[in-house]
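Please look over the sequence and the model below. A short report goes with them.

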Amino acid sequence: MAEKLNLGALNDLFGFHLRQAYTPFGQAYREAAANFKLKPSQFTVLALVKHNPGRRQSELAEALNIERSNFVPIIDALESRGLLTRGKSPEDRRSNSIEITPKGKAVVTEATAPVLAESKDAAAVLSDREQATLKKLLCKLYAD
């Protein structure tokens, strides 16, 4: 058996460990979402819009830490499939508000249980208490 690699400075790099830990979750997320012909980013946007209808496109992008230039193609793809609609925001006519369609609501509702199940399976190496602690710590890292 080969000797374990020395990670050197990587041992102290949180981003490295976050990326390594994300790998099984990302794979599970991609596979579960793909069963509904969605990319993970598309599922994420649909889920957020379902619970926040009529919010401005810029608010949604900011909440998900997605650059606006990267967010537009996600919205375009979901709109072209009839899952979302875009309209002028009543508060700011220069902005778009996003609404989920009945078809979009049905897709995200159907996809949620399998996506959550895959996430739970990927986290199964941790106890329920460890999962709750990790989630709390991760949220603390990106909270305002």
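The text goes from the overall fold to single helices, residues and loops.

## Overall picture

This is a predicted model. The protein holds six helices and three strands. Read from the N terminus, the order is α-α-β-α-α-β-β-α-α. The C-alpha trace spans about 60 × 30 × 30 Å along its principal axes.

The protein has 144 residues, and 24% of them count as buried. Its accessible surface is about 10,300 Å². Carbon and sulfur atoms account for 56% of that surface.

How far apart in sequence are the contacting residues? Take the contacts between residues at least 6 apart in sequence: 50% of them join residues at least 24 apart.

Charge comes next. The protein carries 21 positive and 17 negative charges. The mean positions of these two sets are 4 Å apart.

## Helix α1

Helix α1 covers residues 14-34, which is 21 residues. What span should a helix of 21 residues have at 1.5 Å a residue? The expected value is 30 Å. The end C-alpha atoms of α1 are 29 Å apart, so the two figures agree.

The helix also has a kink. The kink is about 40 degrees and lies at T23. The proline P24 follows shortly after that point.

Which residues of α1 are buried? They are F16, G26, A28, A32 and A33. The cover over the buried residues of α1 includes α2, residues 40-51, and α5, residues 102-122. A general point on helices helps when reading such a list. An α-helix has 3.6 residues a turn, so residues three or four places apart point the same way.

## Three residues in helices and a strand

E79 belongs to helix α4, which runs over residues 68-80. Its relative accessibility is 30%, so E79 counts as partly exposed. Beyond its neighbours within four places in sequence, E79 is in contact with L84, T85 and R86. E79 and T101 are 22 residues apart in sequence. In space, the C-alpha atoms of E79 and T101 are 9.2 Å apart.

K105 sits in helix α5. K105 has a relative accessible area of 42% and is therefore partly exposed. Its contacts, leaving aside neighbours within four places in sequence, are K50 and I100. K105 and L83 are also a pair to check: they are 22 residues apart in sequence and 7.4 Å apart in space, C-alpha to C-alpha.

S97 is in strand β3, residues 96-100. Is S97 buried or exposed? S97 is buried, because its relative accessible area is 7% and the cut-off for buried is under 20%. Residues up to four places away in sequence are not counted in what follows. S97 touches G54, R55 and R56. S97 also touches T85, R86, G87, K88 and S89. T85 and R86 are among the contacts of E79 as well.

## Loop residues

Now the loops. Most residues other than glycine have a negative phi. Which loop holds K37? K37 is in the loop between α1 and α2. Its phi is positive, about 55 degrees, although K37 is not a glycine. N65 is in the loop between α3, residues 57-63, and α4. The phi of N65 is also positive, near 55 degrees, and N65 is not a glycine either.

N35 lies in the loop between α1 and α2. N35 and L5 are 30 residues apart along the chain. Their C-alpha atoms are separated by 36 Å.

K37, N65 and N35 count as exposed, and the table gives their values.

| Residue | Loop | Relative accessibility |
|---|---|---|
| K37 | between α1 and α2 | 68% |
| N65 | between α3 and α4 | 62% |
| N35 | between α1 and α2 | 61% |

Why do K37, N65 and N35 count as exposed? The cut-off for exposed is over 50%. K37 has 68%, N65 has 62% and N35 has 61%, so each one counts as exposed.

Methods
Residues are numbered from 1 along each chain as its sequence is written. This is a predicted model: local features need pLDDT of at least 70, side-chain atom pairs count only at pLDDT 80 or more; totals for chains, interfaces and linings use all residues. Side-chain values use heavy atoms; hydrogens and water are left out. Helices (H or I, at least four residues) and strands (E, at least two) are DSSP runs, numbered from the N terminus. Buried means under 20% relative accessible area, exposed over 50%, partly exposed in between (1.4 Å probe, protein chains only). Contact means heavy atoms within 4.5 Å. Accessible areas come from the Shrake-Rupley method with a 1.4 Å probe; for residues, only the protein chains shown count as cover. Lys and Arg count as positive and Asp and Glu as negative; His and the chain ends are not counted. The place of a charge is taken as NZ of Lys, CZ of Arg, CG of Asp or CD of Glu. The expected span of a helix is 1.5 Å times one less than its number of residues. The bend at a residue is the angle between axes fitted to the seven residues ending there and the seven starting there.
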